[in-house]
Amino acid sequence: MKLKYIFLFIFFTMGLITFGQESKLANQYFQTGEYEKAALLYKNLYDKTNQNDYYFNRYLESILALEKYSDAEKLVLQEMKRRPDDSQLYIHYGNIFEKRGEHVKAEQQYRTAIKKISADIGTISRMGNLFLTLAKYDLAIEVYEAGSKKLNDRQIFSYNLADLYRRKGDTPKMIEYYLESLVASPNRVNSLQSLFQRYLSKEEFEILQMQLFDFTQSYPNEIVFSEMLQWVFVNNKEYGRAMRQARALDMRLEENGNRVYDLANIAQRDGDFDEAIKGYEYIIENKGSNSPYYINSKLELLGSKRKKITEDANYSTEDLMALKNEYRSFIDEFGKNSRTVFILIEYAKLHALYLDDIDKAIDILEEMKNYAGIRPDIIASIKIDLGDYYLIKDDVWEASLLFSQVDKDFKEGILGERARYRNAMLSYYNGDFEWAQKQFDILKAATSKLISNDAIDMSVFIIDNLGLDTTDIPMKLYAKAELLLYQNKYDEAFIYLDQIIKDYEEHGLLDDILYLKARIYSKRKKYDDAIYFYTQVIENHKEEIRCDNSLIELAELYHYQLDQPEKAQELYEILFMEFSNSTFAVEARKRYRLLRGDEL
């Protein structure tokens with residue numbers, strides 16, 4: 001008896017294996033376009049499974065691909081007798097008429113199918129998908145809209161409808177139904193944001209914005225639409241409107257300030273310091289010291305105020321003094337310790353670079369070196385800044401000592417590279433050009449792209465100019481002028497540059513002198529003079545190494561200081577088109593595309 005069951009089991013198992021192999025082979029024939037073979041196998045599988053829907057559809061598709069329309073019609077009519085209420089069969093029947101070119105009869109069958117829609121989600125979905133497969137978008141839309149009415153649920157097929165309107169190119173309807181789908185599935189918001197980012201133009205984002213206003217009114221309890229509206233404002237870089245939305249949501253939901261803080265960070269990174277400041281101040285004033293974002297908001301507030309004042313290069317002494325007082329208030333509140341180390345570094349930088357108080361900057365950093373609990377890498381950064389400030393003070397020996405300490409402690413990594421580059425520059429300033437060039441050649445392979453590019457520029461500059469004359473005096477004068485520029489001694493730098501022109505007028509440093517004068521005028525905020533000298537290099541020294549430097553710096557001047565994006569865009573384009581080998585070409589292309597409004 002047991003043996004009998006074993007044989008039955010083996011027979012059944014072998015049958016399943018054979019059936020599975022036959023199905024796999026049929027699918028393979030179908031995918032490779034061998035419809036004659038596929039049709040035979042699907043017909044057999046269809047008969048074996050008592051008219052399984054999948055095999056029916058594949059069998060029908062195969063004989064339609066073979067243009068056996070009579071066979072297809074017989075198959076569908078046979079199935080209709082068995083399933084007279086199956087509305088999908090009428091779609092198949094209409095498709096057969098359409099392939100024959102009998103469009104009126106095809107339309108009649110499609111209409112019959114839609115009339116037979118039942119209040120069944122599965123049936124409606126299958127009908128909609130079938131019309132979608134046949135690229136009958138309008139009919140698929142009718143199916144889903146009729147299905148929504150049958151089920152008395154506006155949102156149930158809203159995502160399907162949005163996708164269909166997208167395929168049709170009807171943007172307002174697409175947006176409407178995508179937003180409608182959020183009512184039932186608010187967790188879909190991130191995927192919708194990605195879709196909108198991909199498919200909507202700048203003008204179409206305005207349609208989205210207007211519809212979101214309507215949805216926030218129609219669904220006042222659905223937070224997702226207010227959040228989506230904030231996202232649209234951010235996408236359009238309207239940080240003021242985004243910030244108002246974020247603050248309103250924070251108060252309404254009694255949050256801890258997280259969304260306002262995140263938005264303030266975005267605004268700060270994008271250069272809208274006014275709105276970033278408003279965000280941080282909101283957290284400080286409304287959330288208090290118990291907020292997890294309180295200290296960071298204080299830190300970022302100072303950073304935003306500093307960037308607002310210094311990055312537009314249009315600050316007054318009063319602006320700087322007000323910022324200095326804010327730094328002092330922060331330090332008074334939180335003390336001088338490892339937690340406030342970065343603020344103290346910025347405070348020192350404010351004194352050194354903007355308040356012309358180099359001794360105060362040095363005092364702050366020298367004191368910080370002895371604080372307990374500061375990481376070695378931060379101590380190294382402090383030493384590099386100290387070295388810079390000692391160099392500004394003309395204490396070259398102390399600067400070199402500090403750079404050498406960092407180089408020794410951080411042989412590998414960016415900190416060591418920064419220190420080595422500065423020591424190489426010290427050698428250059430001192431006129432030891434051969435040793436400096438060897439260091440620059442090594443630093444060409446630096447991990448930091450910025451250091452690598454600067455090292456390449458310096459190496460090429462030295463090679464280009466050192467052998468042009470029997471004496472290296474012009475180069476030493478020029479290096480001294482560069483050091484004076486670094487030390488903010490502009491009038492003295494001009495004296496050295498003019499001396500080169502007077503005594504060595506045939507020397508090839510003319511483009512470099514024009515370039516350095518442009519940089520000096522730019523630092524002094526005499527932008528008309530800076531533009532003049534940059535333009536002299538660009539127009540009269542196109543083959544010289546300072547031409548691409550002048551292009552990028554003049555473009556940045558128009559871009560960031562003078563707010564003339566059209567002129568900046570033109571210069572960025574010249575740089576990456578005509579100077580494609582320049583180390584600035586990639587960045588120039590990126591900024592050009594940004595100004596043109598391309599998605600990056």
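This dialogue goes through aromatic pairs and charges over rings in a predicted model.

Colleague: How many aromatic pairs are there?

Modeller: The count is 32 aromatic pairs. One of them joins Phe330 and Phe334, with 4.6 Å centre to centre and 40° between the planes, and is tilted.

Colleague: Why does that angle count as tilted?

Modeller: Planes under 30 degrees apart count as stacked and over 60 as edge-to-face, so the rest are tilted. The Phe330 and Phe334 planes are at 40°.

Colleague: Where do Phe330 and Phe334 sit in the chain?

Modeller: Both belong to helix H18 (residues 317-334); because they are 4 residues apart there, about one helical turn separates them. Phe330 and Phe334 are both buried.

Colleague: Which parts of the chain does the pair of Tyr428 and Phe461 link?

Modeller: Distant ones: Tyr428 is in helix H23 (residues 414-429) and Phe461 in helix H25 (residues 449-466), 33 residues apart. Their rings meet edge-to-face, 6.3 Å centre to centre, with 70° between the planes.

Colleague: Is Tyr428 buried or exposed, and why?

Modeller: Buried means under 20% relative accessible area. Tyr428 has 0%, so it is buried. Phe461 also counts as buried, because its relative accessibility is 0%.

Colleague: Which residue lies over the face of Phe461?

Modeller: Arg546 does, at 4.7 Å from the ring centre. Elsewhere, Arg83 lies over the face of Phe56, at 5.8 Å from the ring centre.

Colleague: Which residues do ring pairs link into a cluster?

Modeller: Phe30, Tyr35, Tyr42, Tyr54 and Tyr55 are linked in this way.

Note on methods:
Residues are numbered from 1 along each chain as its sequence is written. This is a predicted model: local features need pLDDT of at least 70, side-chain atom pairs count only at pLDDT 80 or more; totals for chains, interfaces and linings use all residues. Side-chain values use heavy atoms; hydrogens and water are left out. Rings of Phe, Tyr and Trp (its six-membered ring) pair if their centres lie within 6.5 Å; planes under 30 degrees apart count as stacked, over 60 as edge-to-face and the rest as tilted. Helices (H or I, at least four residues) and strands (E, at least two) are DSSP runs, numbered from the N terminus. Buried means under 20% relative accessible area, exposed over 50%, partly exposed in between (1.4 Å probe, protein chains only). A charge sits over a ring if NZ of Lys or CZ of Arg is within 6 Å of the ring centre and within 35 degrees of the ring normal.
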